[in-house]
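Opening the notebook on this one. I want to go through burial, helix packing and charge pairs, and jot down what I find.

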Amino acid sequence: MYRGLILRCRGRATLNGLKRGARLARRYARSISSEDDIKIFIKDNTEIVSSRSLTPEISLRLFTPTCRFWTERPELWPFPDPYWAIYWPGGQALARYLLDNPEVSGGRKVLDLGCGCGASAIAAKLTGASLVLANDIDPIAAVATKMNCELNKLDPVPCVTDDVVGSKPDDWDLILLGDMFYDEDLADRLHKWLQTCITAHGTQVLIGDPGRAQFESHGIRKLLHKRAHFELPDSVMEENYGLTNSTVWCYSYKPDL
């Protein structure tokens, strides 16, 4: 199951599929008795991992080969695709960059867009951000992010599950997004919305990506400059079908004045 997710997120997922998955997640979340049930399910089906990534300072509940659903048939999984249970290489690069450069997020209002497991939000919190908001359209990711905050001895960051891309932007100082450019339609929406955020509020945008084809070929690449480059640990390369590195990019879009 896990390796199938890797393939889809490297280029086969569609925006409609993701939205459909989010609707299914909300339906499932409503069908169980409480958030505590989701927490129990996550605890029972993930492993706490702190090594084997670019950020050993951060512990996360993730899928590993010892977990049931690493190889289990996908139809037995009760949620939509669990992107939140994987520490994707773009997110690893973003979190590493923040930890190495605390002034980037320190004292700032930060949005972790498409937060997944919440690692970038956690890194921003650890480096002194004045406000951190996590966002993911999957409500199960919101629960996982809260759990991972607590795992790192942090108060849970607020996490909203609305699709904020395309909405009127808030005055964020910094927007973080890792591994979001895996689908052309989503990439186009992100590009347009990020430009709106920069134009309206002068927001800084940092993007983490390991060099996926949809990212490298998109027009947004012409508006980015490299902030940091990281070689991935062997285990991360193996899990991501040979991707060897991950890069943090800064959006250099300058609106017409």
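**Entry 1: L176.** I started by looking up L176, which comes out at 0% relative accessibility and so counts as buried. I am working on a predicted model here. L176 is found in strand β6, which runs over residues 174-178. I then listed what touches L176, leaving aside neighbours within four places in sequence: L94, L98, V110, L111, D112, L113, S120 and L206. I also checked a C-alpha pair: L176 and I207 are 31 residues apart along the chain, and their C-alpha atoms are separated by 6.1 Å.

**Entry 2: the chain overall.** I stepped back for the totals. The chain has nine helices and nine strands. Of its 257 residues, 55% count as buried. I also looked at contacts between residues at least 6 apart in sequence, and 71% of these join residues at least 24 apart.

**Entry 3: α5.** Next I asked how many residues of α5 are buried. I got six of eight, so I noted the helix as mostly covered. The buried ones are A119, S120, A121, I122, A123 and A124. I wanted to know what covers them, and the list includes β2, α4, β3 (109-113), β4 (131-135), α6 and β6. Just after α5 comes G128, and its phi is positive, near 90°.

**Entry 4: α4 against α5.** How do these two helices sit, roughly parallel or roughly perpendicular? I read an angle of about 0° between α4 and α5 (residues 119-126), with the axes 8 Å apart. With angles under 35 degrees counting as roughly parallel, α4 and α5 are therefore roughly parallel to each other. On the α4 side the contact uses G91, L94, A95, L98 and L99, and on the α5 side A119, S120, A123, A124 and L126. I sorted these by class and got eight nonpolar, two polar and no charged residues. Two α4 residues here, L94 and L98, had already turned up in my list for L176, and so had S120.

**Entry 5: α3 against α6.** I ran the same lookup on another helix pair. Helix α3 (residues 35-45) and helix α6 (residues 139-151) pack at about 70°, and their axes are 10 Å apart. These two are therefore roughly perpendicular to each other. From α3 I found E35, I38, K39, I42 and K43 in the contact, and from α6 I140, V143, A144, K146, M147 and E150. By class that contact has six nonpolar, no polar and five charged residues.

**Entry 6: salt bridges.** I counted ten salt bridges in the structure. I looked at a few of them one by one.

- D100 pairs with R96, with the closest N and O atoms 2.9 Å apart. They are four residues apart in helix α4 (residues 89-100), so about one helical turn separates them. I checked exposure for both partners: D100 is partly exposed, at a relative accessible area of 41%, while R96 counts as buried at 12%.
- R68 pairs with E72, and here the closest N and O atoms are 3.2 Å apart. R68 is partly exposed, with a relative accessible area of 48%.
- D209 pairs with R212 at 3.7 Å, N to O. I found D209 buried, and R212 buried too.

I also looked for bridges that share partners, and they join E35, K39 and K146 into one network. E35 and K39 were on my α3 list in the previous entry, and K146 was on the α6 list.

**Entry 7: R61.** Last lookup: which side chain of opposite charge is nearest to R61, and how far away is it? It is E150, at 7.6 Å. R61 is buried yet has no salt bridge; the cut-off for one is within 4 Å. R61 is placed in strand β2 (residues 60-62). Leaving aside neighbours within four places in sequence, I got contacts from R61 to I42, K43, T46, E47, I48, W84, A85, M147, N148 and L151. I42, K43 and M147 had also come up where α3 meets α6, and E150 is in that contact as well.

Conventions:
Residues are numbered from 1 along each chain as its sequence is written. This is a predicted model: local features need pLDDT of at least 70, side-chain atom pairs count only at pLDDT 80 or more; totals for chains, interfaces and linings use all residues. Side-chain values use heavy atoms; hydrogens and water are left out. Axes are lines fitted to C-alpha atoms, for helices over the stretch in contact, and angles run from 0 to 180 degrees between N-to-C directions. Angles under 35 degrees count as roughly parallel, over 145 as roughly antiparallel, 65 to 115 as roughly perpendicular and the rest as oblique. Contact means heavy atoms within 4.5 Å. Ala, Val, Leu, Ile, Met, Phe, Trp, Tyr, Cys and Pro count as nonpolar, Asp, Glu, Lys and Arg as charged, and the others, Gly among them, as polar. Buried means under 20% relative accessible area, exposed over 50%, partly exposed in between (1.4 Å probe, protein chains only). Lys and Arg count as positive and Asp and Glu as negative; His and the chain ends are not counted.
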